[in-house]
There are 4 protein chains.
Amino acid sequence: MALNLLKSGHKVVAYDVMDSSTEPVAEAGAEIVSSPSEVAKNAKRIITMLPNSSHVQQVYLGNNGILESIQPGSVCIDSSTIDPAVSQDVAKQSEQKSAKYLDAPVSGGVGAAQAGTLTFMVGGEKEDFDIAAKILDHVGKNVVHCGSVGTGQAAKICNNMLLGISMIGVSEAMNLGTKLGLDPKILAGIINTSSGRCWSSDTYNPVPGVLPGVPSSNNYQGGFGTALMTKDLGLAQQAASATNSLTPMGSSALQIYRMLCEKGFDQKDFSSVFQFLSEQQ
Amino acid sequence: MALNLLKSGHKVVAYDVMDSSTEPVAEAGAEIVSSPSEVAKNAKRIITMLPNSSHVQQVYLGNNGILESIQPGSVCIDSSTIDPAVSQDVAKQSEQKSAKYLDAPVSGGVGAAQAGTLTFMVGGEKEDFDIAAKILDHVGKNVVHCGSVGTGQAAKICNNMLLGISMIGVSEAMNLGTKLGLDPKILAGIINTSSGRCWSSDTYNPVPGVLPGVPSSNNYQGGFGTALMTKDLGLAQQAASATNSLTPMGSSALQIYRMLCEKGFDQKDFSSVFQFLSEQQ
Amino acid sequence: MALNLLKSGHKVVAYDVMDSSTEPVAEAGAEIVSSPSEVAKNAKRIITMLPNSSHVQQVYLGNNGILESIQPGSVCIDSSTIDPAVSQDVAKQSEQKSAKYLDAPVSGGVGAAQAGTLTFMVGGEKEDFDIAAKILDHVGKNVVHCGSVGTGQAAKICNNMLLGISMIGVSEAMNLGTKLGLDPKILAGIINTSSGRCWSSDTYNPVPGVLPGVPSSNNYQGGFGTALMTKDLGLAQQAASATNSLTPMGSSALQIYRMLCEKGFDQKDFSSVFQFLSEQQ
Amino acid sequence: MALNLLKSGHKVVAYDVMDSSTEPVAEAGAEIVSSPSEVAKNAKRIITMLPNSSHVQQVYLGNNGILESIQPGSVCIDSSTIDPAVSQDVAKQSEQKSAKYLDAPVSGGVGAAQAGTLTFMVGGEKEDFDIAAKILDHVGKNVVHCGSVGTGQAAKICNNMLLGISMIGVSEAMNLGTKLGLDPKILAGIINTSSGRCWSSDTYNPVPGVLPGVPSSNNYQGGFGTALMTKDLGLAQQAASATNSLTPMGSSALQIYRMLCEKGFDQKDFSSVFQFLSEQQ
């Protein structure tokens, strides 16, 4: 993302806990500083991308954090996938410093980040969104305004919860069909032209050999890891608890992916749930 | 189906337990007889379509049933959605009378039946399939050979199990998203262009007002009934038990749809699971 | 059971497909015959015990089956654990031959069978039950009249469904508690004197080392096998489908035990679900 | 609890946000103060009991909170049922003020609180536990040392997760059995002397009429409310997520109880899950 911003002519001031992460950015012309707070001193458009809620709290609210030295009128764009309630809290505290915070989680993975084709789901006020969109247009190809702060997270979490459910559903259907004597390609063909059609079946089929170029045809390497899917399903359950939403399938999906993590599938692509369900030991 | 066969110039001999069902067919030129056995005496291409496994057993194997008087070389096409094991058993018994039996469940509903645009998923030997396909081409627009006897049922059951899972998944995601502050149309738009995309979201969205002309926008009237979905999910679990297939989501889907049946949603479209999950009492 | 009947002075006529099974009974004085039908010719009090529903159908209704030559006034006691609907069907067909059939599944396992301390849950008319009880009192210590034919199965199935649910529940609670830093023996002590108390915790605890002399303390050898629990949970789901009963937990329990069977735990005691849930791979 | 402490000769300094709660305590001789901080100024043995984690954080760590004015050497006993991680955090912050914090959730309900027969599950160091136990012995009859701080919560949460699972399991078994033709009292009798035996069946049976004096025989009034069970199952899932523990049944139990809350059962006793599962609408 930083490289794409530099390419498009922006000045970039960067920080990461790992020097190895900032090195290629430095080589491409970015100024490297020593803390989030230093970034905020030097830039009024700030993009963050962090593993989970507690990291976001630390980077924004902690010692040497962004809010320590943020300039009035700054706009922060957080592309982490985290609890929407945390996004809303950080936005409120930013507001108290006369700065804006938008949540803008992405979908598309490492490949889309490099190619500049990420999708951004953005939560925040319309005028702040417009400012953010001008920057994000250089690193993504699809920047969607979802609503107020937190709705970017909500959209990401809901989509990924459905994705996890669908992937398990496709895996169960393909496994059952094969055991009943169907050729997996024929079954996939029928599903893909019928009411069972979904991305997990027609674009990312979990059965080895049905589609070329997907993780299932490459021993479940690459793609979207089981551990990350488990994290997103956990966020969905946290949000469901906070809003008393009934999500029986989303809850089961979390249990199943957590089981995969415990049983040695955590580093495999999330479509490996087919392998887990179908293989006998 | 019978009317479409008559229209395409076939001679039709028909039987149904309800006279009211055969009346329009008689008016259109079919000969009405008094039992399945009578049909088999008068025709060598026989199509059946019945509510469940036990009806199929009775109509083929019972008193005054088809196999009582079936002519050698006959080809039976059963378009019921039933247990694949029952299809295989009836096929075996037909074979003993030198007749062929194919399972050929349909998808598409009453509208597609009238329009002659049903999809047939056919299980049986290739040469028998070719004979059946010539007839079915007059009542459907998509006649697929799935494999040996029983695989037509298998394909239908697997697709519908996935459909039930997807519909609940979409309902949970739309419900959670709405509770988190998202506009349902915006969320549906994001899902439909992301990895959560599926037929239940982009073609048959369960949230009232998101799509025009679907049951959810018509108080869940019409469409594919909850009771029928429950039946198909039950067949899937029966098949999963017979083959020791792991279907945790399919099993939960059956429980949820059975709950809908008990709680007064049995006559509504199966997308009413959104209403069940979202409404507070 | 046969040995205990012989010991108590009964004459026994026996048949089994495996000669090795009847040998010790023959040595103890039983007459061995060559088919179920032969048994029925020679005895009016008939006890059967078979692996599953289809075996019962074959032994009673098939070629050389009991009903082929049953004598009027005979009383059949079937101690198999099967689908209650099958019990009811065999009872009806027995009635047509002026004979009585009771379902009388047992609990207690091989040890109780040898010691003559089995529990029998009996379904059938009161006067038939009284006849059966006089015989069963010699092989069991607890013979309970549950109601009409099929209720013996119903009681067994319901108890075992609850047992499967409880065992998974105890395993989850003990696993979670241990991960939260509790000593398993302290946690078991608290549960056993609180509202979580149950047989699976206080008598058959699944955590190695908590109780002496149970399968969990013997590498999950012996006891009640995972495959048998899976079978009983399957019968429960079949009965739930037939009666449209909501059993969300019973259905999940079946899925979990089926998973254990697929993942190499089928020959272990059913308390090994703790091992499955707690071990990381 | 405060009344029992006064009765046993202790001096009590009390605070509650609701004056109506402290009135009877004032009448019995307690000194009423105006904030948690005031309590801490006046007493070195402090007992708190609050609805959830955020209340505990506020009362201990917030403005006018206990830690603002706590005296060195004080011992705090928190009888709230909350997230064990929050207990551990408050303990750490108490330590920094040279005070001790123990988590000591209770079981037994309002009746046991009045009668002084509560069970306390206490987490903390042994020497602090000994100090706490001397006080708690006056308000409970069973004071158990579970281990380090947080294990009191862990024990409570694990027991109640198992309790929720058992109660649903008993409800499913009793419902299925009744639909299969069994008399509920006969079925309960069999279960209570077999391997399905548990507190939810033999002491608190959820089927009206099986046991006298329990909520199910009083239209599910009184007892332990569905909303409270839902809260505890939510804490269990939070703890399971924090420790990557597999709890498929605990997770389903939360979904089922959350459904009950949404469908109008939130104020009923938690055994009303039988009513929810068995009644047809």
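F265(A) has a relative accessibility of 6% and so counts as buried (buried is under 20% relative accessible area, exposed over 50%, partly exposed in between, with a 1.4 Å probe and protein chains only). We'll come back to this ring in Exercise 2.

First, some ground rules. This is a predicted model, where local features need pLDDT of at least 70 and side-chain atom pairs count only at pLDDT 80 or more, while totals for chains, interfaces and linings use all residues. Residues are numbered from 1 along each chain as its sequence is written, chains are lettered from A and ligands numbered from 1 in the order in which they are written, and side-chain values use heavy atoms, with hydrogens and water left out.

**Exercise 1. What mean pLDDT does chain A have, and what ipTM and pTM does the complex get?**

Solution. Start with the chain: the mean pLDDT of chain A is 96, and 100% of its residues reach 70 or more. As a reminder, pLDDT is the predictor's confidence in each residue, from 0 to 100. Then take the assembly: the predictor assigns the complex an ipTM of 0.94 and a pTM of 0.95.

**Exercise 2. Work out how W199(A) and Y204(A) pair, then do the same for F265(A) and F276(A).**

Solution. Step one is the rule: rings of Phe, Tyr and Trp (its six-membered ring) pair if their centres lie within 6.5 Å, and planes under 30 degrees apart are stacked, over 60 edge-to-face and the rest tilted. That gives 24 aromatic pairs over all chains.

Step two: W199(A) and Y204(A) sit 4.7 Å centre to centre with 20 degrees between the planes, a stacked pair. Both W199(A) and Y204(A) are buried.

Step three: F265(A) and F276(A) have ring centres 5.6 Å apart and planes at 85 degrees, so they are edge-to-face. F265(A) belongs to helix 13 (residues 248–265) of chain A and F276(A) to helix 14 (residues 273–278), so the pair ties together parts eleven residues apart in sequence. (Helices, H or I with at least four residues, and strands, E with at least two, are DSSP runs numbered from the N terminus.) F276(A), at 3% relative accessibility, counts as buried.

Step four, zoom out: W199(A), Y204(A), F224(A), Y257(A) and F270(A) make up one aromatic cluster.

**Exercise 3. Which lysines lie over the faces of F276(C) and F265(C)?**

Solution. The test asks for NZ of Lys or CZ of Arg within 6 Å of the ring centre and within 35 degrees of the ring normal. K263(A) lies over the face of F276(C), 4.4 Å from the ring centre. K268(C) does the job for F265(C), at 4.9 Å from the ring centre.

**Exercise 4. How do the spans 1–147 and 150–276 of chain A look in helix and strand content?**

Solution. UniProt (unreviewed entry) labels residues 1–147 of chain A "domain: 6-phosphogluconate dehydrogenase NADP-binding". Here the chain is 44% helix and 22% strand, with end C-alpha atoms 24 Å apart. The same kind of record puts "domain: 3-hydroxyisobutyrate dehydrogenase-like NAD-binding" (unreviewed entry) on residues 150–276 of chain A. That span is 64% helix and 0% strand, and its end C-alpha atoms lie 34 Å apart. UniProt positions follow the numbering used here, feature names are shortened, and annotations may be inferred rather than shown by experiment.

**Exercise 5. Is K156(A) buried or exposed, and what is it in contact with?**

Solution. UniProt lists K156(A) under "active site" (unreviewed entry). Find K156(A) in helix 9 (residues 151–179) of chain A. Its 10% relative accessibility makes K156(A) buried. Contact means heavy atoms within 4.5 Å; leaving aside neighbours within four places in sequence, K156(A) is in contact with T81(A), P105(A), V106(A), M121(A) and D232(A).

**Exercise 6. Which turn lays chain D on chain C, and which residue of chain D comes closest to the axis?**

Solution. Superpose by least squares on the C-alpha atoms of residues with pLDDT of at least 70 in both copies. A turn of 180 degrees with a shift of 0.0 Å along the axis lays chain D on chain C, with an RMSD of 0.0 Å. The two copies are thus related as by a two-fold rotation axis. In chain D, C198(D) comes closest to that axis, its C-alpha at 2.0 Å. The same surface serves both copies, as 100% of the contact residues of chain D recur in chain C.
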